[in-house]
Amino acid sequence: MGRAAQVVALSAVLALGYLTRELRLLAFRAHQDNQSYEDRYYLPPARWLPLMSLGFRAALADLIWCRSLVYFGEEMVHKGGVKYAFDYTDAVLELDPDFRAAYAWIGTASVYRGGVDMLADGLRASRYLKRATLRWPNDGELHWRYGAYLRFELAPHMEEGPEKERLFGLSAPHLAAAASLGAGPPWLALNSSALLARVGQTEQAIRHLEEVYGTVQDEKT
């Protein structure tokens with residue numbers, strides 16, 4: 001084969017390779033364009049997972065936790081309802097009840113979940129935060145999260161009445177505990193004592209102020 005023929009043959013092979021590559025890219029793009037995002041949950045009921053983990057409960061909890069974060073991000077991008085947030089949380093906690101981040105995460109997920117009844121979802125999420133405070137009673141950050149969730153996320157969406165006051169009453173001791181444990185913003189000590197007084201716990205409010213007086217670092221407070 002002459003030199004010219006070799007150059008022609010090589011050029012043809014390169015052109016064919018380039019054309020094949022472009023066709024593959026076009027096919028891939030067409031496939032991607034035809035894919036539609038679907039909000040689906042593929043895990044079995046949470047109570048089955050400990051047995052199915054074959055003893056690797058913590059490892060499986062970690063994997064499901066990572067998937068729940070990806071799922072939350074996908075739902076935000078596609079403006080979905082994040083309707084399986086509770087299922088993912090139940091799955092993680094069934095495998096590892098000490099998975100602290102999952103308790104805190106569901107509060108955030110439920111706030112941005114949307115859905116038909118945000119208040120019902122919020123009350124449901126608050127029960128996970130309550131479980132966390134019972135599991136870690138000396139964790140000020142968890143008391144702050146739970147109390148603030150009731151006081152600032154749920155109560156404002158309720159009409160004036162007994163149920164709203166009930167939420168204030170539930171949040172008050174947790175906000176006070178958070179302030180006593182050094183968690184939350186500097187103004188929390190005053191806010192939590194005022195809330196205790198509002199729900200009729202005047203003596204507790206006074207004791208709370210006495211307790212935190214020597215620990216608050218903010219001079220204005």
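With which residue does E141 form a salt bridge? In the predicted model examined here, the partner of E141 is R145, and the closest N and O atoms of this pair are 3.8 Å apart. This separation qualifies because a salt bridge requires a side-chain nitrogen of Lys or Arg within 4 Å of a carboxyl oxygen of Asp or Glu. Both residues belong to helix α7, which spans residues 140–154. They are 4 residues apart, a spacing of about one turn of the helix. The relative accessible area is 34% for E141, which is therefore partly exposed. R145 is likewise classed as partly exposed, with a value of 35%.

The protein chain that contains this pair has 10 helices and 0 strands. Its pattern along the sequence is accordingly written α-α-α-α-α-α-α-α-α-α. The chain comprises 221 residues, of which 33% count as buried. Its accessible surface comes to about 13,800 Å², and carbon and sulfur atoms contribute 58% of that area. Among contacts with a separation of 6 or more, 62% involve residues 24 or more positions apart in the chain.

Side chains of opposite charge can pair when their charged atoms come close. The structure holds 6 salt bridges, one of which is the pair of E141 and R145 described above. Another salt bridge joins R135 to D98, with the closest N and O atoms 2.6 Å apart. R135 lies in helix α6 (residues 118–135), whereas D98 lies in the loop between α4 (85–95) and α5 (100–111), so the pair ties together parts that are 37 residues apart in sequence. Both participants fall in the intermediate class of accessibility: R135 is partly exposed at a relative accessible area of 41%, and D98 is partly exposed at 47%. The value for D98 does not make the residue exposed, because that class begins over 50%.

A further salt bridge is formed by R67 and E74, for which the closest N and O atoms are 3.4 Å apart. R67 has a relative accessibility of 33% and therefore counts as partly exposed. For E74 the corresponding value is 27%, which also places this residue in the partly exposed class. E74 is not counted as buried, because burial requires a relative accessible area under 20%.

Note on methods. Residues are numbered from 1 along each chain as its sequence is written. This is a predicted model: local features need pLDDT of at least 70, side-chain atom pairs count only at pLDDT 80 or more; totals for chains, interfaces and linings use all residues. Side-chain values use heavy atoms; hydrogens and water are left out. Buried means under 20% relative accessible area, exposed over 50%, partly exposed in between (1.4 Å probe, protein chains only). Helices (H or I, at least four residues) and strands (E, at least two) are DSSP runs, numbered from the N terminus. Contact means heavy atoms within 4.5 Å. Accessible areas come from the Shrake-Rupley method with a 1.4 Å probe; for residues, only the protein chains shown count as cover.
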